[in-house]
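Biologist: I'd like to look at a model with you and ask how you know what you say about it. Can you show it to me?

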Amino acid sequence: MRLKHVFQDVEYNGSLNLKEDIEISNVTSDISDVCPGSVFVAVKGGSFDGHSVLNKAFERGAACAVVENDIEDFNGRCVKVDSSRKALSLLCSNINGRPAEKLTLIGVTGTNGKTTTCHMIQRILSENGIRCGIIGTVESFRENNRGVVVREQTGFTTPRPEILFSLLRKICECGCTHAVMEVSSQALSQDRVFGIKFDLGVFTNLSVDHLDYHGDMQSYQDAKLKLFYQSSQKLANADSDYSSRFVSMAKTYSVYAKSDFYIENVSVTSVGSTYDLCFNGKKYPVVLSVTGLFNVYNSLAAISSAVMLGIPCDNAVSAVRTFNGVLGRMEKVEINKPYSVYIDFAHTPDGLLNLLVCMRSFVKGKIILVFGCGGNRDRSKRPVMGKIAVENADTVIITSDNPRNEEPEAIICDIVSGVGENKNYIIECNREKAINLALSLAKENDAVVLAGKGHEPYQEIKGIKYPFDERKIVIGSV
């Protein structure tokens, strides 16, 4: 693509001292991706500043660099902008043909429930003849015109712009008219989705998480609200803490009170849930094959979203019947044993509490919980999760999650500081040994719950991701 088209609508200081007909090969903020003809965007991060490698970028053949600092070197090949992050998003959109403008785009944000809600929305749209791609924590996938599903792992809830806009372009090229994506608070605060106009923004809930990044709940809430400012239609969970600002801007859904979309006669069992959806003076009976009150909320958000997008309510309700869950979300591992094993991504206080309360509603025996907390992430939630664990499970095995660059023992100490006088916990730092210990303790009608990693097939230790698939460990051990 020509330079002048790549820089369309990008506000920069001065003029481009380059021929506007120069061919651009790619746009990137990653120095390792720079090649001849690249536009290198120097982004300032928490631990690395792209301005420090400008010389290397030009050595690798960059056509120009986008910078925030005043740069006098490099023969006028640096373009100064007020925000490199915002420029990166616009540049990546342009070089991929502005794919977001060609799609009906749904963004889902919240502390918990984003993944399942997105997958439910995609299922409803698909069941109603609308081809819809998805971008989220577990994977990105799209269905091409031959009916073949193409799946890609992104590694992020909301990928950086270089990946995000490429995925949106591929979704368009497959013939999809809609896309639904998870939008994280970090992505919003880092302007990864800057310039995108969402047709519908959905807020699921807000609870304590990511305070290591945002600092406090007010800043966390402010980041989430950015999605609504970029959305034509808005939908919010009226029951969540910190929801008032979202609710004031949106249509609402609720489990406990009358709202634009609300429910009555809810029943949650071990094999699923039922409720009556109330909308526009009518009641629609909903049947789910996934359990848990949190999935009632997820389905209510998904059905409400579909209705706001023009799907008849009857059709939306019918479509969720076929939804069987998402990898690593309340996932039951099939084993031939008198006890059960579940894997779930619960890695926040609210997520862990919801999971254990749900399990308690149908587990006849004991709940044996294996969990840890991620390293280099919000330390304040660790003791809170420890307290939730020992108060809601019968036996807790505190172990390692993704320690990253922290020492696992130090993370475990933070967790244990919150357990109080409870003694129903065991410390086993090695996660595989912790899983095997839990399986050895399980008796008839018990449930072993592996929380925190969910869909992740790895453990991240000192910057290296080691293969670690909990399903394979369980199946190989029983």
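Modeller: Here it is, and we'll take the sheet, then the cysteines, then the salt bridges. Keep in mind that this is a predicted model.

Biologist: Okay, the sheet. What makes E1 and E4 the edges of the open sheet?

Modeller: Look at the order, which goes E1-E2-E3-E4 with parallel pairing. Strand E1 (26–28) and strand E4 (78–80) each have a single partner strand, so one side of each has no neighbour in the sheet. On average, neighbouring strands here are turned by 20° against each other, direction ignored.

Biologist: How do you know that E1 and E2 count as paired?

Modeller: Pairing takes at least two bridges. E1 and E2 (residues 38–41) are joined by 3 bridges and run parallel, so they meet the rule. You can spot Thr28 opposite Phe40 in E2.

Biologist: And which helix packs on this sheet?

Modeller: That's helix H3 (residues 84–95), which touches E1, E2 and strand E3 (64–67). The direction of H3 makes about 155° with that of E1.

Biologist: On to the cysteines. Why is there no disulfide between Cys118 and Cys132?

Modeller: A disulfide needs the two sulfur atoms within 2.5 Å. The closest cysteine sulfur to that of Cys118 is in Cys132, 8.8 Å away, so it is too far for a bond. Cys176 has a similar story: the closest cysteine sulfur, in Cys174, is 5.9 Å off, which is too far for a bond. The structure holds 0 disulfides.

Biologist: Why is Cys118 called buried?

Modeller: Buried means under 20% relative accessible area. Cys118 has 1%, so it is buried. Cys176 has 6%, so that residue is buried too.

Biologist: Now the salt bridges. What makes Lys80 and Asp70 a salt bridge?

Modeller: The rule asks for a side-chain nitrogen of Lys or Arg within 4 Å of a carboxyl oxygen of Asp or Glu. Lys80 and Asp70 come in at 2.7 Å, N to O, so the pair passes. Lys80 lies in strand E4 and Asp70 in the loop between E3 and E4, so the pair ties together parts that are 10 residues apart in sequence.

Biologist: Why is Asp70 called exposed, and Lys80 partly exposed?

Modeller: Exposed means over 50%. Asp70 has a relative accessible area of 64%, so it is exposed. Partly exposed is the range between buried and exposed, and Lys80 sits there with 26%.

Biologist: How do you know that Glu152 forms a salt bridge with Lys170?

Modeller: Their closest N and O atoms are 3.3 Å apart, so they are within the 4 Å limit. Glu152 is in strand E8 (residues 149–152) and Lys170 in helix H5 (residues 161–173), 18 residues apart. Glu152, at 24%, is partly exposed, and so is Lys170, at 25%.

Biologist: And what makes Arg245 and Asp222 a salt bridge?

Modeller: Here the closest N and O atoms are 2.8 Å apart, so this pair passes as well. Arg245 lies in helix H9 (residues 244–247) and Asp222 in helix H8 (residues 217–229), so parts 23 residues apart in sequence are tied together.

Biologist: How many salt bridges does the count come to?

Modeller: The count comes to 25. There's also a network of salt bridges linking Asp30, Asp33, Arg160 and Glu162.

Note on methods. Residues are numbered from 1 along each chain as its sequence is written. This is a predicted model: local features need pLDDT of at least 70, side-chain atom pairs count only at pLDDT 80 or more; totals for chains, interfaces and linings use all residues. Side-chain values use heavy atoms; hydrogens and water are left out. Helices (H or I, at least four residues) and strands (E, at least two) are DSSP runs, numbered from the N terminus. Axes are lines fitted to C-alpha atoms, for helices over the stretch in contact, and angles run from 0 to 180 degrees between N-to-C directions. Contact means heavy atoms within 4.5 Å. Buried means under 20% relative accessible area, exposed over 50%, partly exposed in between (1.4 Å probe, protein chains only).
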